Amino acid sequence: MIVIDAVTKRYPDGTTAVDRLTLEIPDRSITVLVGPSGCGKTTTLRMINRMVDPSGGRILLDGHDIRERPVNALRRSMGYVIQHAGLFPHRTVIENIATVPRLLGWDRSRARARGLELMERVGLDTALAKRYPYQLSGGQQQRVGVARALAADPPVLLMDEPFSAVDPIVRKGLQDELLRIQADLGKTVVFVTHDIDEAIKLGDMVAVLREGGRLAQYAPPAELLSAPADEFVEDFLGADRGIRHLSFFGTEGLELTAEPIVAEDATTEQVRAHTIPQTPYVLVTDTEGRPRGWTHAADRAAGLPTELLPYGHAFTYGQDSLRAALDSAVLSPTGWAVAVDAEGRAIGVAAQETIAAAIRGAHATVGPRDSVRGVLA
Amino acid sequence: MNLFGYAQQFFDAPGRWSGADGIPQRLLEHVQYSAVALLIAMVIALPVGLLTGHTGRGGNALSVLATAARALPSFGLLVLLTILMGLGMTPVMVPLVALAVPPILVTTYEAIRAVDPALVDAARGMGLPRWRVLAQVELPVALPLILSGIRSGAIQIVSTATIAAYVSFGGLGRYIVDGLSQVDYAKVVGGAILVAALALATLGFFWALNKVLVSPGVRRR
Ligand SMILES: Nc1ncnc2c1ncn2[C@@H]1O[C@H](COP(=O)(O)OP(=O)(O)O)[C@@H](O)[C@H]1O
Ligand SMILES: [Mg+2]
């Protein structure tokens, strides 16, 4: 555990970058520091690996003041990833990754084997091992940056806006990769970002900082969304935090109906039998059960020419969140969301009203979290 | 007679390619003086440039010193030192070294300062000690610029090493000095051509050195 204990940082020019910040960063989880630009996130992170010396307070790593250890040994036990990766341009990918192992005295072949192993772990083709950084895309460079930080298997990983310089699609890939790696390795990750969506996606715990380096709220992301501590946090979370909060509720309890689903080769009788009063449409699937689109049931049963209406997108039942289900219903021209199983076969549909009821139910079981405000304010 | 005529006359002269006043011997002397002067200049300028660049301190003092050194007249210095110290290699070396130190020093300082701070930050953050940050990150990344500073110094030394001949040392300057005093223009032209050719060869040498020493990742090809 990393304990940041009443830490203050005042720069020589008088800027108070961090103001009596206290945080307990749990082991083997991702803790995100988030807040507007200039609120002291980078400064806080850099105090953990002693790139910046606090003006007051102390930082403990597993109960010991970090100043007790030789500074370079401390840094080698903490992977460090920065925004533009900071790869060494004169070294190949594999040499970059092997930096800390070589520093720790590993022999060349062991460092190299480790490097190749890490390239695979971060989703890099090992054919890139001999490339130089300028020959890589921004996303690939960031992956090398992460691999380099992980090379000596440090228990702690410090990441300063590592994904903010790449485009949104690449960023999503990198975020997913990080979550996958974290599930395998269980590092103590401190992750800095100014992007609240990234914070909510990645964080087990999220610390929201405000200008002047003061802590606004420290909570798991779901709690942040359901019970922001004050107006600042609420503003920072943005207008659609209610919708985003739905990402934390599963669809496993959602009531589906499989009635209005027919195969594309269904007979007139079958279509008629599957028509329900709540909607004039039935969902048509291919012969394997995958959804194709909605069609007007009565017209189809009467043998009139009908066309398939798009169903928007389906959600995977039990795996996707209520947010995905709601989105699916909102996007569907019929107002009904299509649920599929892991193989993509339609297993049922749900009306907007049903999803709304499930949302009310989910909120009811979570209960009021307003007590949190009192504790952290 | 035109330039080509003089040149032809010079290079065709009997005994020109052998003996104590032959081209190989004079060329060797010239290269030796230049190499020694360049090495001394590097030994002085590189460590100072690397350290001031790494710490970022003393940059102003450095550029003042360098500007002052640039204003030193090499020939005047040679004459003065020879009067003071008598004939010898030192009065020859001092102006040559003084000529090469400023470009090497200033370029090295600036090359290290120009290294992306994010690289240095990443290196320190990974726990590299300072000397490794300098030797393994800043130096290799700044190397192309540093080499260009050494190259300017080398070219200036090669061109100026002709002055050694004025105080009765060898080198290609011998042809120019002797040619002038003997009113042998072919010799003057020949000597000048050889000095120019050696300067070009120096350029080529540094081009090759750049290929060998600078990482393809920094050269970007
Ligand atoms: N080396 C420094 N010297 C003076 N002020 C600094 C320095 N580094 C950061 N600051 C100031 O401290 C505040 C916090 O900076 P920083 O920690 O980089 O914020 P963030 O990472 O949240 O954008 C800002 O006002 C910034 O201008
Ligand atoms: Mg920052």
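## Basis of the description

Helices (H or I, at least four residues) and strands (E, at least two) are DSSP runs, numbered from the N terminus. The structure is a predicted model, in which local features need pLDDT of at least 70, side-chain atom pairs count only at pLDDT 80 or more, and totals for chains, interfaces and linings use all residues. Residues are numbered from 1 along each chain as its sequence is written, chains are lettered from A and ligands numbered from 1 in the order in which they are written, and side-chain values use heavy atoms, without hydrogens and water.

## Chain B

Chain B contains 10 helices and zero strands. Its pattern along the sequence is therefore a run of helices under the DSSP terms given above, written α-α-α-α-α-α-α-α-α-α. Along the principal axes, the C-alpha atoms of chain B fill a box of roughly 65 × 45 × 25 Å.

UniProt, in an unreviewed entry, assigns "domain: ABC transmembrane type-1" to residues 27–206 of chain B; such annotations may be inferred rather than shown by experiment. In the model, residues 27–206 of chain B are 83% helix and 0% strand. The C-alpha atoms at the two ends of this span are 18 Å apart. The unreviewed UniProt entry also lists "transmembrane region" at residues 31–52, 64–87, 157–177 and 189–209 of chain B. Residues 64–87 of chain B are 79% helix and 0% strand, with 31 Å between the end C-alpha atoms. For residues 189–209 of chain B the content is 100% helix and 0% strand, and the end C-alpha atoms are separated by 30 Å.

## Chain A: annotated domain and the four-stranded sheet

For chain A, an unreviewed UniProt entry places "domain: ABC transporter" at residues 2–237. That span of chain A is 38% helix and 25% strand, and its end C-alpha atoms lie 26 Å apart.

An open sheet of chain A has four strands in the order E2-E1-E4-E5, with antiparallel pairing (strands pair if DSSP finds at least two bridges between them). Strand E2 (16–25) and strand E5 (64–65) of chain A are the edge strands, and each pairs on one side only. Strand E1 (residues 2–10) of chain A is joined by five bridges to strand E4 (residues 56–61) of chain A, and the two run antiparallel. Within this pair, Val3(A) has Leu60(A) in E4(A) as its bridge partner.

E1(A) is also joined to E2(A), by six bridges in an antiparallel arrangement. Here Arg10(A) is matched with Thr16(A) in E2(A). E1(A) and E2(A) make a hairpin with five residues between them. In its turn, Gly14(A) has a positive phi of about 100°.

## Chain A: other strand pairs

Strand E9 (residues 205–210) and strand E10 (residues 214–219) of chain A run antiparallel and are joined by five bridges. One of the matched pairs is Leu209(A) with Leu215(A) in E10(A). The hairpin of E9(A) and E10(A) has three residues between the strands, and Gly212(A) takes a positive phi near 85° there.

Another open sheet of chain A has three strands, ordered E11-E12-E13, with mixed pairing. Strand E11 (261–263) and strand E13 (291–296) of chain A each have a single partner strand, so one side of each is left without a neighbour in the sheet. Strand E12 (residues 281–285) of chain A is linked to E13(A) by five bridges, and these two run antiparallel. Tyr281(A) stands opposite His296(A) in E13(A).

## Ligand 1

The residues around ligand 1 (with a heavy atom within 4 Å of it) are Tyr11(A), Asp13(A), Thr15(A), Ala17(A), Ser37(A), Gly38(A), Cys39(A), Gly40(A), Lys41(A), Thr42(A) and Thr43(A). Helix H1 (residues 41–48) of chain A gives the largest share of this shell, three residues.

Polar contacts (pairs of N or O atoms within 3.5 Å) tie side chains of the shell to ligand 1. A nitrogen atom of ligand 1 lies 3.4 Å from an N or O atom in the side chain of Tyr11(A). An oxygen atom of ligand 1 is 2.6 Å from an N or O atom in the side chain of Thr42(A). A polar side-chain atom of Thr43(A) is 2.5 Å from an oxygen atom of ligand 1. On its own, ligand 1 has 560 Å² of accessible area, and the protein covers 61% of that (Shrake-Rupley method, 1.4 Å probe).

Note on methods
A polar contact is a pair of N or O atoms within 3.5 Å; within protein, one must be able to donate a hydrogen and the other to accept it, and residues adjacent in sequence count only if both atoms are side-chain atoms.
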